[in-house]
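Here's a quick tour of the strands and how they line up. Keep the viewer open and follow along.

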Amino acid sequence: MIKVWTDGAEAGLLDRFGARGSTFVYQPGAPPAEAVSVTMPVRLPSWDLQYGLLPIFEMNLPEGMLRERLRLAFAKATGTFDEFDLLGIVGRSQVGRLRYTGQREQLQEDVPFQSVDEILEKRRGGELFRYLLDKFATFSGISGVQPKIMVRDEAASVPLSMAGHRLSQSYRGATHIVKFWDQSEFPQLAANEYFCLKVAEKSGLEVPSYRLAEDAQALVIDRFDLRPDGTYRGFEDFCVLNARRTDEKYRGSYETSIMKRFGEFANSPHVTEDLERLFTLIVINCVLRNGDAHLKNFGIVYDDVQGEARLSPVYDLVTTSVYLPKDSMALTLNGTTQWPQAKELYRLGETRIGASPARIREIVGRIVEAVADTSKEMRVYLKDHQEFEQIGSLMLQYWEQGLAIFL
C-alpha cells in the first residue's frame, strides 16, 4: 500500500485492486484542497480502476531506458516489477505537487546535489551520462521514453534565485530536469529541442529556462512547477485530463482531446488568452514537424486544485521528422494525422478559439518571424558545430516545408 501526499500533507492511500487494477481512498476528513487531481475531487467512495494505475498516479512514471534500468536494479528485491513497484521507487521526487511513500513512512525528498554548470561544461560523454543515471534514477519521477533525470542545484535555479530569504534552508527537492539521448539512435536531439524551444519562445509562448551543454549531449531545463519559496505547483498532463493511461497518449484529436478539454478544466479568467497560446503551440508543432505532440506533451499548471488552471509552459518540442521522414501528427486534426494545410489550421482557430482570420494571420505571422530568426541563429551555430550539420540542415528543410503552407 502506498501513501499519497499532496502539498506535503497526507491525502490518502493507494492500493492494488483486483488482479491488475488500482484503488485510491482519501483520508477521513481530507479537505477539498488536498484533492490529488482536478479530475478526482475529495469524496468518501474510493476511486477504482480495473486495469493499471489511475492516470494521475501513472502520469510521472519513467518509460523506456530509465524504467528498464530501474527494473533491472529492483526486480530481484521486489520479486515483481509493475507500476506500483516503480511508483514506490521514484515517488518521493516527482513533477508536480504529489509525492508517494510507504504506508508507515514520512515524506522526505532529499535529492542529491549536482552542479548544473558541471553538466553544461564537462565533456565526459557517456561517462557523465552513466554517472548521473546511476546517481539520480531513483529521484526522477518524470515521464518520457528518452532518459530524463532530476537533479538539485538551488544556486542555478531561476525560480529559486528570486526567492531570497524566503527559501527554506531545509529545501532538498530537485530543481532541474536533465535530458540525455542515445546519439546512435537520435543524434543531436538536445540541439534539436534547444532550437525548437527558441521558436516557441520567440513566438511569445512561455518556455522554462533551458540551456544546451557545450558538447550538445544534454539539455538542462528549470522546473516550471517549482515556486520561488520551494513549494510546488500542481501539474497535470492531458492524458490525465482525458482519463487515459500513458499507453493511450496517441489516442484523440487536437480539437477535442486538447482544445475542448482545456476549456473544460481551465476555470480561469485567462481562458481565451490560454486557448490562443494553445492554438499557437499546435501550429508550431505542425510547422516544426513535431510528430510527437501527444496527450502527455501538453499540460496545465495551478496553485490551487480548486482554483484557476493555466496552460503549462512549453516542453518536449522537437523536429521528429529528421529521424522519421514519414512521420505524421501524434493526434488527429480534421479526422487525420496528415500534416494540415493552412485552411485547416485557420478553421481550428476560428472554431475553437473564436479568432477572426485577421487575428489568426497575426499569430501565424509571429510564428513565421520566430522561425526565420531562429533559423538565422541555427545557421550561425552550424558553422561552429560541424557535428550538427546534417541534422541542422534537415531541420531547416522541414521548417521551410512547414511554413510553405502559409506562403
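## Strand β3 and its neighbours

Let's start with β3, residues 21-26: 5 of its 6 residues are buried, so this strand is mostly covered, with buried meaning under 20% relative accessible area. Bear in mind that you're looking at a predicted model.

On one side, β3 teams up with β2 (residues 9-17), and the two run antiparallel over 6 bridges. If you want a spot to check, find Gly12, whose bridge partner in β3 is Tyr26. The two strands make a hairpin with 3 residues between them. In that turn, Gly18 has a positive phi of about 65 degrees.

β3 also pairs with β4 (residues 47-49), again in the antiparallel sense, this time over 3 bridges. Here Phe24 sits opposite Trp47 of β4.

## The five-stranded sheet

Now zoom out. These strands belong to an open sheet of 5 strands, in the order β4-β3-β2-β1-β5, with antiparallel pairing. Which strands stand at the edges? They're β4 and β5 (98-102); each has a single partner strand, so one side of each is left without a neighbour in the sheet. Ignoring direction, neighbouring strands here are turned by 25 degrees against each other on average.

Further along the sheet, β1 (residues 2-6) is joined to β2 by 5 bridges, and these two run antiparallel. Ile2 is the residue to pick out there, as it stands opposite Leu14 in β2. Helix α3 (residues 83-90) packs on this sheet, touching β1, β2, β3 and β5. The direction of α3 makes about 155 degrees with that of β2.

## The four-stranded sheet

There's another open sheet to look at, with 4 strands in the order β6-β7-β9-β8 and antiparallel pairing. Its edge strands are β6 (148-151) and β8 (210-212), each of which pairs on one side only. From one strand to the next, the twist averages 20 degrees.

At the β8 end, β8 pairs with β9 (residues 218-222) in the antiparallel sense over 3 bridges. Look for Leu212 there: Leu219 in β9 stands opposite.

## A helix across the second sheet

Which strands does helix α7 lie across? Helix α7 (residues 189-202) lies across β7 (176-180), β8 and β9. Relative to β8, α7 runs at about 145 degrees.

Key:
Residues numbered from 1 in each chain as written. Predicted model: local features only at pLDDT ≥ 70, side-chain atom pairs only at ≥ 80, totals over all residues. Heavy atoms only, no water. Buried < 20%, exposed > 50% of the residue type's maximum accessible area, 1.4 Å probe, protein only. Pairing = 2+ DSSP bridges. Axes fitted to C-alpha atoms, helices over the stretch in contact; angles between N-to-C directions. Contact = heavy atoms within 4.5 Å.
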